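Here are a few exercises to work through with the model open on your screen. Try each one before reading its solution.

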Amino acid sequence: MQIYNVPTYFVLASQSPRRRELLERMGITEFEVLPARGEEVIDPALPPAELVEALSRQKCMEVAALRPEALVIAADTVVAIDGEILGKPHSEKEAFSMLTRLSGRTHQVYTGVTVWEDDCQITEHEVTQVRFRPLSGQEIYRYIATGEPMDKAGAYGIQGYGSLLVEGISGDYYNVMGLPVCRLARILKQYEIDLLEMAFEKELSK
């Protein structure tokens, strides 16, 4: 017996190729990509966990208004160290400063995720501890020269060359990529969407 209700369609409120890839890895292979376009309203006084939840909620509600019949998934990720949020660098100089600050230290990656369907909204967040090995100035310069840091929060991407900088993590690796896969799966189950059941039935139908 089918124990889940598949919505008319899924909508991912993000243009991130990493989030698209992770959604597909979860078994959700058919979905629309519809990024939120509205201006983000940010309260700088919010701690990182509350901030990413608020931003993911904003994105989700904007897109849900355009696709009220769909199940909408939105996420927002920030890097924080010493309680300070590090956004995307605006210059190579700023990227160098961020990476120097992260060198040899542990920082946090927060992702807020919101799911909306039929006027039901669930918002949660995940946090992962990430430790960088000590980096020389030359290593930082060479990493920046790859171009990878310039569109990444905290000036690095763990799924790319940034993996060479990471000494270890504690928590959800996929959260650092931008989507807390395990937490999202648990949220979807509250909407009676069991991804393991879907995978099981797919295998049976082959």
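**Exercise 1. Find which residues touch the most other members of the largest nonpolar core, and which strand gives the most to it.**

Start with the core itself: this predicted model has a largest nonpolar core of 43 residues, and the ones touching the most other members are Leu-23, Ile-73, Leu-99, Phe-132, Tyr-156, Leu-184 and Leu-188. Next, look at the strands: β3, residues 71-81, gives the most, with 5 residues. There's also another core lying apart from this one, with 10 residues, including Ala-13, Leu-34, Cys-60 and Ala-70. As background, nonpolar side chains in soluble globular proteins tend to be buried together.

**Exercise 2. List what Phe-132 is in contact with, leaving aside its neighbours within four places in sequence.**

Go along the chain. Phe-132 is in contact with Leu-99, Leu-102, Ser-103, Gly-104, Arg-105 and His-107, among others. Further along, the list adds Tyr-156, Leu-165, Val-166 and Glu-167.

**Exercise 3. Work out whether Asp-76 and Lys-59, which form a salt bridge, are buried or exposed.**

First the pairing: the closest N and O atoms of Asp-76 and Lys-59 are 2.8 Å apart. Then the location: Asp-76 sits in strand β3 and Lys-59 in helix α2 (residues 48-66), so the pair, 17 residues apart, links distant parts of the chain.

Now apply the cut-off, which is under 20% relative accessible area for buried. Asp-76 is at 7%, so it counts as buried. Lys-59 is at 16%, so it is buried too.

**Exercise 4. Do the same for the salt bridges Arg-133 with Glu-139 and Asp-194 with Lys-189.**

Take Arg-133 and Glu-139: their side chains meet at 3.1 Å, N to O. Arg-133 has 27% relative accessibility and is therefore partly exposed; Glu-139, at 30%, is partly exposed as well.

For Asp-194 and Lys-189, the closest N and O atoms are 3.6 Å apart. Asp-194 is buried because its relative accessible area is 15%, while Lys-189 is exposed because it reaches 53%. Elsewhere, Asp-82, Glu-84, Arg-101 and Arg-105 are joined into one network by salt bridges that share partners. The whole structure has 13 salt bridges.

**Exercise 5. Find which residues make the nonpolar surface patch of about 230 Å², and classify Tyr-173.**

The patch is made by Ile-169, Tyr-173 and Tyr-174. Tyr-173 lies in helix α5, residues 173-177. Its relative accessibility is 32%, so Tyr-173 counts as partly exposed.

Definitions and conventions:
Residues are numbered from 1 along each chain as its sequence is written. This is a predicted model: local features need pLDDT of at least 70, side-chain atom pairs count only at pLDDT 80 or more; totals for chains, interfaces and linings use all residues. Side-chain values use heavy atoms; hydrogens and water are left out. A nonpolar core is a set of buried Ala, Val, Leu, Ile, Met, Phe, Trp, Tyr and Cys residues joined through side-chain atoms within 4.5 Å. Buried means under 20% relative accessible area, exposed over 50%, partly exposed in between (1.4 Å probe, protein chains only). Helices (H or I, at least four residues) and strands (E, at least two) are DSSP runs, numbered from the N terminus. Contact means heavy atoms within 4.5 Å. Patches are made of residues with over 30% relative accessible area and no salt bridge: like charges are joined within 9 Å, nonpolar side chains (Val, Leu, Ile, Met, Phe, Trp, Tyr) within 5 Å. Accessible areas come from the Shrake-Rupley method with a 1.4 Å probe; for residues, only the protein chains shown count as cover. A salt bridge is a side-chain nitrogen of Lys or Arg within 4 Å of a carboxyl oxygen of Asp or Glu.
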